[in-house]
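Trainee: I would like to go through this model with you, one question at a time.
Mentor: Go ahead.

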Amino acid sequence: MKRTALIAALLLSWLLPGSAPAFTVKLSPEGKAARWPAESASIFYAVNPAGPGSDPAFLAALDEAFRSWRQAAGGALAFVFSGQKEGAGAERDGVNTVLWAEREWNHGPEAVAVATVWYADRMGTIEEADIEFNARDYR
């Protein structure tokens with residue numbers, strides 16, 4: 001239950017505008033808040049099987065977190081699990097990926113997770129986003 005709440009909080013912070021001590025709103029080069037394309041009803045994501053990524057209990061918690069995010073968005077977005085994806089870190093490869101960095105964590109020990117966002121345009125339309133969890137300092 002705690003794991004689901006943590007994941008839901010992290011995912012909600014990625015979507016909702018505002019500020020908190022350990023949260024930064026992603027802005028486009030034009031200063032606009034980042035948003036998924038208006039026509040995107042479904043956001044497909046893959047999970048790296050390293051760390052907890054292959055644990056059925058964790059995958060269920062992640063699914064529940066995305067379900068909470070969808071409710072917070074008023075049902076405007078659906079998050080669809082598209083399978084597993086190998087990889088060492090966040091990379092612009094056309095796949096929204098959730099992964100765990102166990103050794104290669106370059107964001108400081110205080111960060112629990114980091115979302116790397118790539119834009120399709122200067123207005124902040126999200127093209128891809130990867131979420132890296134800090135598995136080196138948080139287990």
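Trainee: In the hairpin of strand 4 and strand 5, which residue takes a positive phi?
Mentor: This is a predicted model, where local features need pLDDT of at least 70, side-chain atom pairs count only at pLDDT 80 or more, and totals for chains, interfaces and linings use all residues. Residues are numbered from 1 along each chain as its sequence is written, and side-chain values use heavy atoms, with hydrogens and water left out. The hairpin has 6 residues between its strands. Phi is positive, near 95 degrees, at G124.

Trainee: How many bridges join strand 4 to strand 5?
Mentor: Two strands pair if DSSP finds at least two bridges between them. Strand 4 covers residues 113–119 and strand 5 residues 126–134, and they run antiparallel. V117 stands opposite A129 of strand 5. The bridges number 7.

Trainee: In what order do the elements run from the N terminus on?
Mentor: Helices (H or I, at least four residues) and strands (E, at least two) are DSSP runs, numbered from the N terminus. The protein has 2 helices and 5 strands. Their order is α-β-α-β-β-β-β.

Trainee: Why is the pair of F58 and W100 edge-to-face?
Mentor: Rings of Phe, Tyr and Trp (its six-membered ring) pair if their centres lie within 6.5 Å; planes under 30 degrees apart count as stacked, over 60 as edge-to-face and the rest as tilted. The structure holds 7 aromatic pairs. For F58 and W100 the centres are 4.9 Å apart, and the pair is edge-to-face because the planes lie at 75 degrees.

Trainee: How many residues apart are F58 and W100?
Mentor: F58 is in helix 2 (residues 56–72) and W100 in strand 3 (residues 96–101), so to speak distant parts of the chain. Both are buried (under 20% relative accessible area, with a 1.4 Å probe and protein chains only). Along the chain they are 42 residues apart.

Trainee: Which parts does the pair of W69 and F79 tie together?
Mentor: These rings are stacked, 4.4 Å centre to centre with 15 degrees between the planes. W69 is buried at 0% relative accessibility, and F79 is buried at 13%. The parts tied together, 10 residues apart in sequence, are helix 2 and strand 2 (residues 78–84).

Trainee: Which residues form one aromatic cluster with W69 and F79?
Mentor: The cluster has W69 and F79 among its members. The others are Y45, F66 and F81.

Note on methods:
Buried < 20%, exposed > 50% of the residue type's maximum accessible area, 1.4 Å probe, protein only.
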